[in-house]
Every structure is written in C-alpha cells, then in structure tokens.
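Colleague: I'm just starting out with structures, so please pick one part of this model and take me through it slowly. I'd like to know what it looks like and what surrounds it.

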Amino acid sequence: MNKEEELQQLNRDFSQKIKSPLLGTCKQIVAGTGNAEADIMLIGEAPGKKEDETGEPFVGSAGKFLDQMLETISLKRKDIYITNIVKCRPPNNRDPLPEEKEEFWPWLMAQIKLIKPKLVVTLGRHSLSSFVADPIMSRVHGTILRKNIPELGRVRIYALYHPAAALYNGGMRETLIKDFKKIPKILALIEKGEI
Ligand code: URA
C-alpha cells in the first residue's frame, strides 16, 4: 500500500469504529481531503452545512476564502491535507463540545502520525485549543508554537484565525491574509533546520 492508500484505509477504519452522538445527527462523516504526503496540514474545527452535504472539508464560503489564500502562496488543495478536529457536523453549527473533540482526537492523531506534516496549521481557536490550553488568539496568531504532544512527540503548530471568523471582519481578514502569506517562509526555515 502506498501512503495515499494507507490514509484512505485509516479513514475508512476510523469511520467504522468511531463512536459519537454526532453520528446520529450529521448526514455524513467528513474525514479530510488532500495529499497524504503533504508538508502542510490544515486543521479546522468541524464540518458545517455544506461540508455535511458534500463530505468534503471547507467547501462553503470559508473554504472559498481559504482557496483564495492558498492561491496567494501558489498552493492548491492537492498540495496540502485539510481536516477538522471533529469530523461530524454539530447540530446547527454549534461549537464542538470538549467530549466531541476527545472522541475524534485519536483519529486526528493517527492522521498526523501517518502524514507527518512539517507544519500543522490550526484554523481558529477551537482547533488550536485542542493542542494548547486556553490560547489567546490575538497574541498567538501568526506565531509558531512548538508543542510536545504525547501521541506525536514534538510538533510545530502555526496558529491562524479561522477563515469564517475573518471573512466579514476587515481587520481580522487582513491579519489572516498576512499570516497566511508567511507559510512558505516558515516552511523554508523548517527545511533549513532554523526553526
Ligand atoms: N469550518 C471548519 O472549521 N471546518 C470546515 O470544514 C468548514 C468550516
């Protein structure tokens, strides 16, 4: 099996064994999409209505904004991997509950372990707070956080605002675009072993 096939198998296995009350309300599981060999892994919060309907992460308005930002750094979806902390849509798009994040955590850990991205990019506070306790987004956005995750060892996390939150907030939008454009430089520094 190549890495792509392994990832598909992993997602099939977790889809079958996952236990969460959200399975009773969502239309389908949104496991993640993209490149199993990606250097960059983007992690959002949970699927919304459009994602629930299509089975793909970030296909609604936040996803379109994300695509535009990827284009500014010459990346396409096929170059990265995108998933969410919670892989079923919470009813009425409410915030994921701590226990829901816990239910889906082993699946996310297995995905990161297999893909081995050089950089984990968290989108929004809910995503970041699964890795870092009580983050203050206005302080940590656009910075690299090195975390020791029991399941993974040392991970470099790049904290970004959530594209849905930034979409209609001029200041936050500009900040997110600026932070996003730093990704290639950060990756280059990681590859040179400088960070
Ligand atoms: N917001 C998220 O956090 N994830 C998605 O997949 C879509 C919107």
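Modeller: Here's a close look at one helix, followed by a core that shares a neighbour with it. Keep in mind that this is a predicted model, with local features needing pLDDT of at least 70 and side-chain atom pairs 80 or more, while totals for chains, interfaces and linings use all residues. Residues are numbered from 1 along each chain as its sequence is written, and side-chain values use heavy atoms, leaving out hydrogens and water.

Our helix is H3, residues 61-72 (helices are DSSP runs of H or I, at least four residues; strands are E, at least two; both numbered from the N terminus). Its 12 residues should span 16 Å at 1.5 Å a residue (times one less than the residue count), and its end C-alpha atoms sit 17 Å apart, which agrees. Buried in H3 are Ala62, Gly63, Phe65, Leu66, Met69 and Leu70 (under 20% relative accessible area, 1.4 Å probe, protein chains only). Looking down the axis, these buried residues fall within an arc of 160 degrees (using directions from the axis to the C-beta atoms), so they line one face of H3.

What covers them? The cover includes strands S2, S3 (81-84) and S4 (119-123), plus helices H7 (163-167) and H8 (170-181). After H3 comes serine 74, with a positive phi near 55 degrees.

Now follow S2 (40-44): this strand also supplies at least two residues of the largest nonpolar core, a set of 36 (buried Ala, Val, Leu, Ile, Met, Phe, Trp, Tyr and Cys joined through side-chain atoms within 4.5 Å). H4 gives that core its largest share, nine residues.

How values were computed: Buried means under 20% relative accessible area, exposed over 50%, partly exposed in between (1.4 Å probe, protein chains only). Contact means heavy atoms within 4.5 Å.
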